[in-house]
Amino acid sequence: MDCLRAFLAKLQNWQRKVNAGNVAMFENLSTVLDGNEDHLLDASLKTEITQHLKSLESELKKYFPEFEEEDGKLVRNPFSGTLDIATIPNDVQDEFLDLKNDSAAKDL
């Protein structure tokens, strides 16, 4: 989720930069524009790039919906003493307790 959040932030940053006429993050386009005499990004191309970035952001959010930070605690650190067993789905509670008390896994 950290990687996804970072990429979504990059997409928003790229949208802002494209709106300002900065396409440095797109190496090929940047090279083409550097070869152009006026070095300006056409307004229609700017709009098309921005719309594409917004579409990509929207699709990623659809495929990877946000989940509560509480839900990710088990994955990040199953050995945490603050995790409440009641919040874990019933069918994996016993396995979770085995893992939580596995000192060899904890050492790794």
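**Figure 1. The whole chain at a glance.** Of the 108 residues in this chain, 19% count as buried, where buried means under 20% relative accessible area, exposed means over 50%, and partly exposed is anything in between (1.4 Å probe, protein chains only). What you're looking at is a predicted model, so local features need pLDDT of at least 70 and side-chain atom pairs count only at pLDDT 80 or more, while totals for chains, interfaces and linings use all residues. Residues are numbered from 1 along each chain as its sequence is written, and side-chain values use heavy atoms, with hydrogens and water left out. The chain has six helices and zero strands; these are DSSP runs numbered from the N terminus, with helices being H or I over at least four residues and strands being E over at least two. Read from the N terminus, the order is simply α-α-α-α-α-α. The accessible surface adds up to about 8200 Å², and carbon and sulfur atoms own 53% of that (areas come from the Shrake-Rupley method with a 1.4 Å probe, and for residues only the protein chains shown count as cover). A contact here means heavy atoms within 4.5 Å. Take the contacts between residues at least 6 apart in sequence: 45% of them join residues at least 24 apart.

**Figure 2. The largest nonpolar core.** Ten residues build this one: L4, L8, L11, V18, V23, L33, L41, I49, L53 and L60. To belong to a nonpolar core, residues must be buried Ala, Val, Leu, Ile, Met, Phe, Trp, Tyr or Cys, joined through side-chain atoms within 4.5 Å. Helices α1 (2-19) and α3 (43-63) each chip in at least two residues, and α1 gives the largest share, four residues. In soluble globular proteins, nonpolar side chains tend to be buried together. Zoom in on L8, skip its neighbours within four places in sequence, and you'll find it in contact with E57, L60 and K61.

**Figure 3. The two sides of helix α3.** This helix has 21 residues and reaches 30 Å from its first C-alpha to its last, close to the 30 Å expected at 1.5 Å a residue (the expected span is 1.5 Å times one less than the number of residues). Which residues of α3 are buried? They are I49, T50, L53, E57 and L60. These buried residues sit on the same side of α3 because they cover an arc of only 95 degrees around the axis, with the arc taken from the directions between the helix axis and the C-beta atoms. An α-helix has 3.6 residues a turn, so residues three or four places apart point the same way. Flip to the other side of α3 and E48, Q51, H52, K62 and Y63 are exposed. The cover over the buried residues of α3 includes α1 and α2 (27-35).

**Figure 4. T50, tucked away in α3.** T50 belongs to helix α3 and is buried, with a relative accessible area of 7%. Beyond its neighbours within four places in sequence, T50 is in contact with Q15, V18 and N19. With N19 there's also a polar contact of 3.3 Å between the side chains; a polar contact is a pair of N or O atoms within 3.5 Å, and within protein one must be able to donate a hydrogen and the other to accept it, while residues adjacent in sequence count only if both atoms are side-chain atoms. T50 and L11 are 39 residues apart in sequence, yet 9.4 Å apart in space, C-alpha to C-alpha.

**Figure 5. A20 and S30, a loop residue and a helix residue.** A20 lies in the loop between α1 and α2. Is A20 buried or exposed? It's exposed, at 65% relative accessible area. The C-alpha atoms of A20 and L41 are 9.5 Å apart, with their positions 21 residues apart along the chain. S30, in helix α2, counts as buried at 18% relative accessibility. Leaving out neighbours within four places in sequence, S30 is in contact with V23 and A24.

**Figure 6. Q93 in helix α5.** Q93 is part of α5 (residues 93-100) and, at 19% relative accessibility, counts as buried. Its side chain makes a polar contact of 3.3 Å with the side chain of N90. Outside its neighbours within four places in sequence, Q93 is in contact with I85, A86 and I88.
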